[in-house]
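This briefing looks at a ligand site and at one further residue in the structure shown below. The topics are the ligand's surroundings, then the setting of that residue.

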Amino acid sequence: MVSRRALLTTGAASALVFGLGGAWWHTTGPARHAREPWNTASAGLGDPRLDVLAYAILAPSPHNMQPWRIGLGEVGRFAVYCDPERLLPETDPAHRQITIGFGCFLELCRQAAAEAGLRADIRYFPEGQSDSLLDERPVAHVKLVEDASVNPDPLFSGVLDRRTSRLPFDNSREVDPDTLAELQAGALDDVEVFASADTALVTELRELATDAWRVEWDTARVRRESIDVMHVGKAEVDANPYGIALDDRIGSTTGMLGMMSREAMDDPESMAYRESFKFYAAACASSMAFVWSTTRTNTRRAQLEAGRSWVRTQLIANALGLSFHPLSQALQEFPEMAEHYKRIHALLANGSGDTVQMLARLGYAAAVGPSPRHTLESRLIPV
Ligand SMILES: Cc1cc2nc3c(=O)[nH]c(=O)nc-3n(C[C@H](O)[C@H](O)[C@H](O)COP(=O)(O)O)c2cc1C
């Protein structure tokens, strides 16, 4: 047994803090209650809308904010709204990433509906939209219609196994070009998807991602926004099944050691601050390939389409056994990031004026568990 003092002084902490030690895992484990929606999605709730929505809430969203609120209307219809409490104004001042999350949600609605022989007629922003900020008007209206001509989507079989992995990837295992080529198959019409394992490009993107992460972590108000939605340890995550959960490999250990409190992480002099930086920087440095998507315009509609396409890309990647980790820092629109935003657009959009909507690192790593979710019931609102 290593003493806390020894950990603090030898630097062995980073191994234990971030779960490379591992023994504790078997005795503690992640908050289970917070993961229940993954186990109950297929249960069947007796209303096709709820059956569809039980899958849609498993969609990825920035910082796992799950910004969706659902108003059930007439039979077969529902409206999707954005919860203003779940925006990320510092890292996502234009609400672009949150909108992408809604795109992921709507694509899973469509897939789950198709699986049940239903066509999902989705109307984006039926009461209009703002290109500056999302407001209280619905993001989408969805109508489920029985339609014998609807085909199930083969990607749907992977929805319960889709994972974001922040582990370091195996640096001895390359991603071959044929595997990367398959990622493009899921792209939707208005979205272009690219993937590369080219050594020079991967080296450059690893550096860029790390530089951008440094800006995000070193900019106090931006860092604080992320820290504010971190939940440390099993009890906190079960009580707050959203945000950045530090309960599994990262959190329970550190929570127990008292090192990863929100206060400590926010203190640039602390070990928690440095280790948090190193953890994500190590992830960036272990990227073995990258996948990214671009759109011609950057309208709300384009962002929703980018989200729909993105979750498809992730489902394909996971089905191919690839670990998948979005790295959005350089794509963020806050002023301190401007230099890296420009750099990444020069690199990946070739000065075309297209918007790079998403970037993820790819590689191979051990399997990770699902992230927390609110229950579906708790996301329903009266209309
Ligand atoms: C628009 C968008 C941007 C994201 N950016 C990041 C990111 O920069 N870093 C990261 O670790 N995860 C990022 N993610 C992944 C989310 O954190 C993840 O989807 C969420 O925590 C839920 O986990 P899950 O995907 O395993 O269900 C992003 C997801 C979306 C939809």
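In this predicted model, the ligand is surrounded by 21 residues, of which R162, T164, R166, S328 and R373 come nearest. Sorted by class, the shell around the ligand holds 8 nonpolar, 9 polar and 4 charged residues.

**Polar contacts and cover of the ligand**

- R162, which is among the residues that come nearest to the ligand, places a polar side-chain atom 2.7 Å from an oxygen atom of the ligand.
- S328, likewise listed among those nearest residues, has a polar side-chain atom that lies 2.7 Å from a nitrogen atom of the ligand.
- Y280 has a polar side-chain atom 2.8 Å from a nitrogen atom of the ligand.
- On its own the ligand has 610 Å² of accessible area, and the protein covers 95% of that area.
- Two elements, α6 (96-115) and β9 (323-326), are those that give two or more residues to the shell around the ligand.

**The setting of D218**

- D218 belongs to helix α8, which spans residues 199-218.
- The relative accessible area of D218 is 44%, and because this value falls between the 20% limit for buried and the 50% limit for exposed, the residue counts as partly exposed.
- When residues up to four places away in sequence are not counted, D218 touches R223 and Y273.
- Although D218 and P268 are 50 residues apart in sequence, the distance between them in space is 8.1 Å, taken from C-alpha to C-alpha.

Methods. Residues numbered from 1 in each chain as written. Predicted model: local features only at pLDDT ≥ 70, side-chain atom pairs only at ≥ 80, totals over all residues. Heavy atoms only, no water. Helix = DSSP H or I, 4+ residues; strand = E, 2+ residues; numbered from the N terminus. Buried < 20%, exposed > 50% of the residue type's maximum accessible area, 1.4 Å probe, protein only. Contact = heavy atoms within 4.5 Å. Near = heavy atom within 4 Å. Polar contact = N/O pair within 3.5 Å; in protein donor to acceptor, adjacent residues only side chain to side chain. Areas by Shrake-Rupley, 256 points an atom, 1.4 Å probe, with all protein chains shown as cover. Nonpolar A, V, L, I, M, F, W, Y, C, P; charged D, E, K, R; others polar.
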